[in-house]
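Fresh page in the notebook today. I sat down with one structure and wrote up what I looked for, entry by entry.

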Amino acid sequence: MTDETPWLTRDQLRAWMKLVAVMELLPAALDQQLQRDADLTHFDYMVVAMLSETESRTLRMSALAAATNASLPRLSHVVSRLEKRGLVSRCPSTDDRRATDVRLTDDGFAAIVAAAPDHVRTARRFVIDALSDEQVRELDGITRALLGRLDPEGRFAALTYPRDEDEVLCEERLTGGARAGASAPTAPAGVLFRDATADDGALLRHATLAAMNWQTASFVDADLDRPEFAHYVVGFDPARDHGVAAVDGDGPVGVAWVRFLPADDPGYGFVAEDVPELTMAVDERGRGRGIGTALLARLLDAGRAAGWPGVSLSVEDGNTGARITYERAGFRTVGRNGDSDTMLVRF
């Protein structure tokens, strides 16, 4: 019998053994610091931290599992332990009685504010500060490639977290400042915001295609002429609809807008004729600058001021990062459309 085992080369084996050592030593180092200083395991910390970044400090169990890269059974066990300590509470979801929400208590929020500074120092000591900026970018690429094999279906949020808006939210949380998801964020440096106009058809068309291709380039520009997609762009009327564009020195870097669609021509996230449907996209060069958070907050603030009953949207299965982002802003699942959930935030 021919030995077809794909044995590692000497260089591959060296790299592999170093990775194995890191996988053994790093979790122990993180756990040791957190247990000593905060009486938390690293996974406990991740659960509490992810809850702390939502506006309501609440996530559905399935979304929390995705955010913490965990299975539901493991998460359930840890949540039970944290619940006994008074750091979290569980209750049936208000939007789906079959589902369970996990809510961070005031004691839990105080615990994460106290634990975060030393945890960040530990992460810097053992990983970030040991690498150059270029090596950090290489690490991001390497781990992205590995996660593509370990989580090919994109069940967990690691590939999409933090999103462009999360940089601001994380800073607020770690400094014990304003709660994540709060309105009226400071404007990112070098970025101006303006209302979308009827002349922004090309911008909305480009953004719609980017939103549709969130995972892979499955659609082309011609697909936007199909009726089920065209109504997101064609006929945008600032007197009825509303949009906010982010612009820097090189042009638009992101846009968020809503359309009031009729019941006989509904969008994928249609709820009611008086509830507009949201679409948002941020260009790659605009990510990591807090632009997404600023766009979403400004649009929702405009809706509150205008007296809209709420805003709806559609998020596809597997787009975990987007789902968590919208839940942080107060959106909750209210329906199902094919392979997508319809989400709604009420004002």
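How many cavities of 30 Å³ or more does the count come to? I found 5 of them in this predicted model.

**Entry: the second largest cavity.** I picked this one for a proper look and noted about 40 Å³ of space in it. Its lining is made up of L203, H206, A207, P252, V253, G254, V255, A281, V282 and D283. I then asked which elements each supply at least two residues of that lining. They are helix α8 (201-212) and the strands β6 (251-259) and β7 (277-282). β6 gives the most, with 4 residues. By character, I sorted the lining into 7 nonpolar residues, 2 polar and 1 charged.

**Entry: a helix pair.** Next I turned to α2 (residues 42-52) and α4 (residues 72-84), which pack at an angle of about 85° with their axes 10 Å apart. Angles of 65 to 115 degrees count as roughly perpendicular, so α2 is roughly perpendicular to α4. On the α2 side I listed F43, D44, V47 and V48, and these meet R74, L75, V78, V79, R81 and L82 of α4. The residues of this contact split into 7 nonpolar and 3 charged, with no polar ones.

**Entry: confidence.** Before closing the notebook I checked the pLDDT. The mean for the protein is 87, and 89% of its residues reach 70 or more. I flagged residues 176-184, where the pLDDT is below 50. In the model, that stretch still has 23 contacts beyond near neighbours in sequence.

Technical notes. Residues are numbered from 1 along each chain as its sequence is written. This is a predicted model: local features need pLDDT of at least 70, side-chain atom pairs count only at pLDDT 80 or more; totals for chains, interfaces and linings use all residues. Side-chain values use heavy atoms; hydrogens and water are left out. On a 1 Å grid over the protein atoms alone, a cavity is a set of points where a 1.4 Å probe fits but cannot get out, and a pocket is an open set with protein on both sides within 12 Å along at least five of seven lines; lining residues have an atom within 4 Å of a point. Grid points are joined across faces, edges and corners, and a volume is the space filled by probe spheres set on the points. Ala, Val, Leu, Ile, Met, Phe, Trp, Tyr, Cys and Pro count as nonpolar, Asp, Glu, Lys and Arg as charged, and the others, Gly among them, as polar. pLDDT is the predictor's confidence in each residue, from 0 to 100. Contact means heavy atoms within 4.5 Å. Axes are lines fitted to C-alpha atoms, for helices over the stretch in contact, and angles run from 0 to 180 degrees between N-to-C directions. Angles under 35 degrees count as roughly parallel, over 145 as roughly antiparallel, 65 to 115 as roughly perpendicular and the rest as oblique.
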